[in-house]
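Biologist: I'm new to this one, so could you give me a close look at a single part? I'd like to hear about the aromatic rings and whatever sits around them in the chain.

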Amino acid sequence: MPKSPECDRCLLYGRNPHLVCAVHPAGPNTDTCLDFREDPNAALEELWEPEGASYYNGELILQPRQRWTLEQQLELLDTHPLFTGRCPRCELPFPKYEIPPVHWDCAECGWVDDSV
Ligand SMILES: [Zn+2]
């Protein structure tokens, strides 16, 4: 029974070996089904992320409480001592903490971590 790749994510998909969907019991005739209704729950399952965290390069990263744009997040990854291990202003290396502090203020140049 032909079903389109979309069928798995479709609200109308029967999830039944003998029935492709409620509208097209024998499957859609074409690859893109006119009656495709994206199942919001199916999409959510795929992209589910715990509150306050998101996946970055396959790793779960805790997000700051503020909303950051992707650009800001990338900049943070590039510059923040939590990720770089050094002060973004004077480049003084930070010690390796076992538990990273909330604020990475620099004692050397007075740089203040206001990202959280
Ligand atoms: Zn510094």
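**A close look at the aromatic rings and their surroundings**

Modeller: Searching the whole structure, which is a predicted model, turns up two aromatic pairs. Let's take them one at a time. In one of them, the ring centres of Phe94 and Trp104 are 5.5 Å apart and the planes meet at 70 degrees, so this pair is edge-to-face. A plane angle over 60 degrees is what earns that label. Both residues belong to the segment after α3, a helix that covers residues 81-84, and they are 10 residues apart, so the pair counts as linking distant parts of the chain.

Are these two rings buried or exposed? Phe94 has a relative accessibility of 13%, so Phe94 counts as buried. Trp104 comes out at 6%, which makes Trp104 buried too. The cut-off behind both calls is under 20%.

Now for the other pair. Tyr97 also meets Trp104, with ring centres 5.2 Å apart and planes at 85 degrees, so here again the arrangement is edge-to-face. Tyr97, though, is partly exposed, at 40% relative accessibility. Put the pieces together and you get one aromatic cluster made of Phe94, Tyr97 and Trp104. Trp104 takes part in the pair with Phe94 and in the pair with Tyr97.

Keep your eye on that stretch of chain, as there is a metal to look at. Which residues hold the zinc ion? The sulfur (SG) atoms of Cys87, Cys90, Cys106 and Cys109 coordinate the zinc ion, at 2.3 to 2.4 Å. The angles among the four donor atoms run from 103 to 112 degrees, and the site is tetrahedral. Along the chain, the donors follow the spacing C-x2-C-x15-C-x2-C. Cys90 and Cys109 both lie in the segment after α3, and they are 19 residues apart in sequence, so this pair ties those parts together. As for accessibility, Cys90 is partly exposed at 31%, and Cys109 is partly exposed as well, at 25%.

One more residue in that segment deserves a glance. Most residues other than glycine have a negative phi. Glu91 has a positive one, near 65 degrees, and it is not a glycine. Glu91 lies in the segment after α3, and with a relative accessible area of 48% Glu91 is partly exposed.

For context, here is what happens earlier in the chain. Strand β1 takes in residues 13-16 and strand β2 residues 19-21; the two run antiparallel and are joined by two bridges. Two residues sit between β1 and β2, and the strands form a hairpin. If you want a spot to find in the viewer, look for Asn16, which stands opposite Leu19 in β2.

This region has cysteines too, so what about disulfides, and how many are there? The count comes to zero. For Cys10, the closest cysteine sulfur is in Cys21, 6.2 Å away, which is too far for a bond; the cut-off for a disulfide is 2.5 Å. Cys10 is buried, with a relative accessible area of 7%. Cys33 is in no disulfide either: its nearest cysteine sulfur is that of Cys21, 5.9 Å away. Cys33 is buried as well, at 16%.

Last come the charged side chains. Side chains of opposite charge can pair when their charged atoms come close. The structure holds two salt bridges. One joins Asp8 to Lys3, with the closest N and O atoms 3.1 Å apart. Asp8 is partly exposed, with a relative accessible area of 39%, and Lys3 is partly exposed with a value of 39%. In the other, the side chains of Arg9 and Glu38 meet at 2.9 Å, N to O. That pair links distant parts of the chain: Arg9 is in the segment before β1, Glu38 is in the loop between β2 and α1 (40-47), and they are 29 residues apart. Arg9 counts as partly exposed at 28% relative accessibility, and Glu38 is partly exposed at 40%.

So, back to your request: the part to zoom in on is the aromatic cluster of Phe94, Tyr97 and Trp104, and then the zinc ion with Cys87, Cys90, Cys106 and Cys109.

Key
Residues numbered from 1 in each chain as written. Predicted model: local features only at pLDDT ≥ 70, side-chain atom pairs only at ≥ 80, totals over all residues. Heavy atoms only, no water. Phe/Tyr/Trp six-rings, centres within 6.5 Å; stacked < 30°, edge-to-face > 60°. Helix = DSSP H or I, 4+ residues; strand = E, 2+ residues; numbered from the N terminus. Buried < 20%, exposed > 50% of the residue type's maximum accessible area, 1.4 Å probe, protein only. Donors = N, O, S within 2.8 Å, 3.2 Å for Na, K, Ca; no water. Tetrahedral: all angles 85-135°; square planar, octahedral: opposite > 155°, others 65-115°. Pairing = 2+ DSSP bridges. Salt bridge = Lys/Arg side-chain N within 4 Å of Asp/Glu carboxyl O.
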